[in-house]
Amino acid sequence: MPSHTTDLLIIGAGPAGLMAACWASHYNMSTRIIDQKSGRTTTGHADGIHSRTLEILNSFGLVDPIIRQGVPDVEMCYWGPNKDNGEIERRKRLSSQSDSLSQYGQMLFNQGGLEQILLHYLSKMGRIAVEWNTRAETLTVSPGNEEGDDDFPVAVGVTKTANGNDTAEQTETIHARYVIACDGAQSCTRTQLEVPMESHSEHSTWGVIDIVPITDFPDIRQSCAIQCPGHGSIMTAPRENRLVRFYIQIKGDKELERMAQNHSDDTPRALINAAERWISPYKLSYKHCDWWSIYPVGQRLVKEYRIKNRIFLAGDAAHTHSPKAGQGMNVSMQDTYNLVWKLGSVITGVADPIILDTYESERRPVAEELMKMDSVLVHAYEQEAKDAEGVDQVRDEYSGFMSGVKITYAPNMLVAGNEKSGDRALAKNIAVGMRIPSFPVVNQADGSTIPLLNVLPSNGCWRLIVFSGDLRRPRVWERLTSFAESFSQRSHLAHRHQTQNSRRRGPPLETLLVHASPRTSINLMDLPDIFHPFDDELGWDYWKTFADDDASDPNSGKAYAGYGIDKDQGCLVLCRPDQHVAWIGKLDEMAGLDNYFSELSR
């Protein structure tokens, strides 16, 4: 049997696996991704993309086709029975999400379409291609080699089949430094490793179906939560291409329960017939059904995310739950977005493998909170309340978590605690451990306005954002000049700031300046060289200095106030490659920043 080596092996090419591959394509390491299916998802499955996931996709330059093809989820309508005749009526309309959370709202877009966008990105990068029809059959870790730096201790036996049939075409052993298992809820990797899962069942069954509805229900193109006392609950979500997704609780209808249990071909029609009875006085039928499924509601969570140091579980392989809040695809992609930059840093020799411990310490608490929220939301949907209260209250309480933008990692070696990070008063509205909020800033060189997150692309760079304050004040200018001189003298900072290309040197630390002066009062070339570095072939870099100035755009000029930063004092904000804030300090606290990086280096 032939054998080959790779730095990273990704098992599973769903959204989590493809996100991992997109991230890995930015690091100078060998990566393979395999999947036993013959191709991407074609219909059905996940359909909601939340704000933080859209921000992440935007950091790869991938958000535009989703916004163009998807359906904005702007408003949610809550329906319940009329107390006199029992027929449903609209109780309220509420915004799906506060505009203050992110520059992006929620989008409804099918999983297959998202997978295709990620596959196109991999093709464009030209470094990693999915190996379809390839199944991981065996997995072993060499004893005693779990901590080795230069070997490939994980051996994965794979079988490639012809067009997805059971006839083996070829077999191979892949020896990997690290493995990420993104192979779904029925993960073969998790089973082979005998990783236990904590589980909790809600003893409830739901049907999910995508149809082009023919109906007079007035809110069919909006997300709805419909309470149907005496029957079940219904959720709807508009989709692309005239489709609408229905989540239908199977409860009290014995014929429907029997069909659902047997997965009869008549189940789709029975689901919609039941829904029509429940939403009286409105009519509902269809001629086109794109996809349907039946699922029991339950929560399952693995007890460990990292196995034998070299293997990581992500996405549905690590946690499963109901689709009520549209979290599955989002949390799964955010798992691998958190993990792969750390693996890339370790494999390329930039960081000590100890940083990999932070994957579980950061992502498992997110999954635990997800299990809690999911259980509360399921109960809210299923309660036979006299009105539609409950669901909206849960969604409002968890809005920051559901959108993903308020997820905050606890202090660890990558998230400085209070004793290592600066006074919180330096940036009152920035939480260390959370992704940095985004406010519009103005490019110093060309005057264009851009959200700050848009200048933090996912390419492996760390970013030190220098909020200098108002540079028209002499002491502020002197402090910025002193910072630039001190920065260049710090070994770890200067080392990371240089452009580095060898295998054992990773992406650099990039410095960005956001000053609080009117843009026209500052000359870019008068600033320290660090904020407009020169390249012999490309000339000066005009994309590292920005102004918090509203002179040309009324939407800008709000960054310092939004972040809670004093224009006289300023501060430094260090962002990890995943846009989460790692450290905050004063402009003269170079020693603390240098120490932060020294603890991560090998």
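**Close-up A. R363 and D335 meet in a salt bridge between two helices.** In this predicted model, the closest N and O atoms of R363 and D335 are 2.8 Å apart. R363 sits in helix 9, while D335 belongs to helix 8 (residues 328-347), so the contact ties together parts that are 28 residues apart in sequence. Buried or exposed, these two partners? Both R363 and D335 are buried.

**Close-up B. R32 pairs with E131 across two strands.** Here too the closest N and O atoms are 2.8 Å apart. R32 comes from strand 2 (residues 31-34) and E131 from strand 8 (residues 130-131), so this salt bridge ties together parts that are 99 residues apart in sequence. R32 has a relative accessible area of 16%, so it counts as buried; the cut-off for that label is under 20%. The structure holds 30 salt bridges, and the R32 and E131 pair is one of them.

**Close-up C. D219 reaches R93 in another salt bridge.** The N to O distance for this pair is 3.6 Å. D219 lies in the loop between strand 12 (197-215) and strand 13, and R93 lies in strand 6 (residues 88-95), so the two tie together parts that are 126 residues apart in sequence. How accessible is D219? D219 is buried, with a relative accessible area of 2%. R93, on the other hand, counts as partly exposed, at 39% relative accessibility.

**Close-up D. Five charged residues share a network of salt bridges.** The members are D47, D210, R239, E240 and R245. As background, side chains of opposite charge can pair when their charged atoms come close.

**Close-up E. Strand 13 is largely enclosed by the rest of the structure.** Why can we say that about strand 13? Five of the five residues of this strand (residues 223-227) are buried, so the rest of the structure largely encloses it. Both of its faces are covered, with S223, A225 and Q227 buried on one side and C224 and I226 buried on the other. Strand 13 pairs with strand 5 (residues 75-81) in the parallel sense over four bridges; look for C77, whose bridge partner in strand 13 is C224. Strand 13 also pairs with strand 14 (residues 233-238), this time in the antiparallel sense over four bridges. In that pairing, A225 has M235 of strand 14 as its bridge partner. Strands 13 and 14 make a hairpin with five residues between them, and G230 in the turn has a positive phi of about 90°.

**Close-up F. Strands 27 and 28 form a hairpin.** Strand 27 (residues 571-575) runs antiparallel to strand 28, and the two pair over four bridges. C575 has V581 of strand 28 as its bridge partner. There are five residues between the strands, and Q579 takes a positive phi near 75°. Strand 28 (residues 581-585) is mostly covered, with five of its five residues buried.

**Close-up G. Three strands make an open antiparallel sheet.** The order is 3-7-4. Which strands stand at the edges? Strand 3 (48-49) and strand 4 (71-73) do, each with a single partner strand, so one side of each is left without a neighbour in the sheet. Two bridges join strand 3 to strand 7 (residues 106-108), and I49 has M107 of strand 7 as its bridge partner.

**Close-up H. F312 and Y359 form an edge-to-face aromatic pair.** The ring centres are 5.9 Å apart and the planes stand at 75°, so the pair counts as edge-to-face; the cut-off for that label is over 60 degrees. F312 is in strand 18 (residues 311-313) and Y359 in helix 9 (residues 357-382), which puts them 47 residues apart and links distant parts of the chain. Both F312 and Y359 are buried. How many aromatic pairs does the structure hold? There are 22 aromatic pairs in the structure.

**Close-up I. An aromatic cluster, and two arginines lying over tyrosine rings.** W23, Y27, F60, Y121 and Y337 come together as one aromatic cluster. R269 lies over the face of Y286, at 4.1 Å from the ring centre. R310 lies over the face of Y178, at 4.6 Å from the ring centre.

Note on methods
Residues are numbered from 1 along each chain as its sequence is written. This is a predicted model: local features need pLDDT of at least 70, side-chain atom pairs count only at pLDDT 80 or more; totals for chains, interfaces and linings use all residues. Side-chain values use heavy atoms; hydrogens and water are left out. Rings of Phe, Tyr and Trp (its six-membered ring) pair if their centres lie within 6.5 Å; planes under 30 degrees apart count as stacked, over 60 as edge-to-face and the rest as tilted. Buried means under 20% relative accessible area, exposed over 50%, partly exposed in between (1.4 Å probe, protein chains only). A charge sits over a ring if NZ of Lys or CZ of Arg is within 6 Å of the ring centre and within 35 degrees of the ring normal. Two strands pair if DSSP finds at least two bridges between them. A salt bridge is a side-chain nitrogen of Lys or Arg within 4 Å of a carboxyl oxygen of Asp or Glu.
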